[in-house]
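Let's take a walk through this structure together. Keep the sequence and the 3D view open as you read.

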Amino acid sequence: MMSESSPLTSHVLNTADGVPAARLPLSLHRLDPRIMIWTLLSVGSTNEDGRCAGLISREAFGPGMYKLRFETGSYWESLGQNSFYPYVEVVFTISELEQRIHLPLLMSRFSYSVYRGS
């Protein structure tokens, strides 16, 4: 993973238990508009505080459509629980190169909410 100065960060919270979602796997993808196929850019996981920084460098974060995929099913399985959603995908568009994007995910086993943070 890249350094903390990454233009894309995320924070995942397990709202059912009121704790950060530690060790949740995630991946970043970019859509190739010519052939309409997602390309995997990087993989990572949340730290003990539920945060994931450094998925992409400023130089690699150009205009386009991106997808951040959270592997929520495997997270809940690691806690010995099942969940309704096997994964959550958040698709977003970058149009300005200087943008910094923070995508918090609030989740329980049967619901989730995501928003653009600051």
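Leaving out residues up to four places away in sequence, which residues does His11 touch? The model you're looking at is a predicted one, and in it His11 touches Asp49, Gly50, Arg51, His102, Leu103, Pro104 and Leu105. You'll find His11 in strand β1. With a relative accessibility of 13%, His11 counts as buried, because the cut-off for that word is under 20%. Its side chain also reaches out to the backbone oxygen of Asp49, at 3.0 Å.

Now slide along to Ser10, which is also in strand β1. Ser10 is buried too, and its relative accessible area is just 1%. The side chain of Ser10 reaches a backbone oxygen as well, that of Leu103, at 2.6 Å. Setting aside neighbours within four places in sequence, Ser10 is in contact with Gly50, Arg51, Cys52, Leu68, Phe70, His102 and Leu103.

Next, take strand β1 as a whole. Six of its seven residues are buried, so β1 is mostly covered. Which strands does it pair with? One is β8, which runs parallel to β1 and is joined to it by seven bridges. In that pairing, Leu13 has Leu106 of β8 as its bridge partner. Another is β5, residues 51–53, which runs antiparallel to β1 with three bridges between them; there, Ser10 is partnered with Cys52. Then there's the short stretch β2, residues 19–20, which pairs with β1 in the antiparallel sense over two bridges. Leu13 turns up again here, standing opposite Pro20 in β2. β1 and β2 make a hairpin with four residues between them, and Gly18 in the turn has a positive phi of about 70 degrees.

Time to look inside. In soluble globular proteins, nonpolar side chains tend to be buried together. Here the largest nonpolar core has 23 residues, and those with the most contacts inside it are Leu8, Leu28, Phe61, Leu68, Phe70, Phe92 and Met107. Two or more residues of this core come from each of β1 (8–14), β3 (25–32), β6 (64–70), α1 (72–78), β7 and β8. Try picking out Leu68: not counting residues up to four places away in sequence, Leu68 touches Ser10, Leu26, Ser27, Leu28, Leu55, Val88, Glu89, Val90, Phe92 and Leu103. Two of the residues in that list, Ser10 and Leu103, are the pair joined by the side-chain to backbone contact described above.

What does the UniProt record add? Its unreviewed entry lists His11, Arg51 and Tyr115 under "binding site". You've met His11 already, and Arg51 is among the residues His11 touches. Tyr115 sits in the segment after β9 (112–114). Tyr115 is partly exposed, with a relative accessibility of 43%. Beyond four places in sequence, Tyr115 touches His102, Leu103, Pro104 and Leu106. His102, Leu103 and Pro104 also appear among the contacts of His11.

Last stop: Glu96, in the loop between β7 (88–94) and β8 (101–107). Is Glu96 buried or exposed, or something in between? At 41% relative accessibility, Glu96 counts as partly exposed. And here's something to check in your viewer: Glu96 and Asn82 are 14 residues apart in sequence, yet 39 Å apart in space, going C-alpha to C-alpha.

How values were computed: Residues numbered from 1 in each chain as written. Predicted model: local features only at pLDDT ≥ 70, side-chain atom pairs only at ≥ 80, totals over all residues. Heavy atoms only, no water. Buried < 20%, exposed > 50% of the residue type's maximum accessible area, 1.4 Å probe, protein only. Core = buried A, V, L, I, M, F, W, Y, C linked by side-chain atoms within 4.5 Å. Contact = heavy atoms within 4.5 Å. Pairing = 2+ DSSP bridges. Polar contact = N/O pair within 3.5 Å; in protein donor to acceptor, adjacent residues only side chain to side chain. UniProt positions renumbered as here; feature names shortened; annotations may be inferred.
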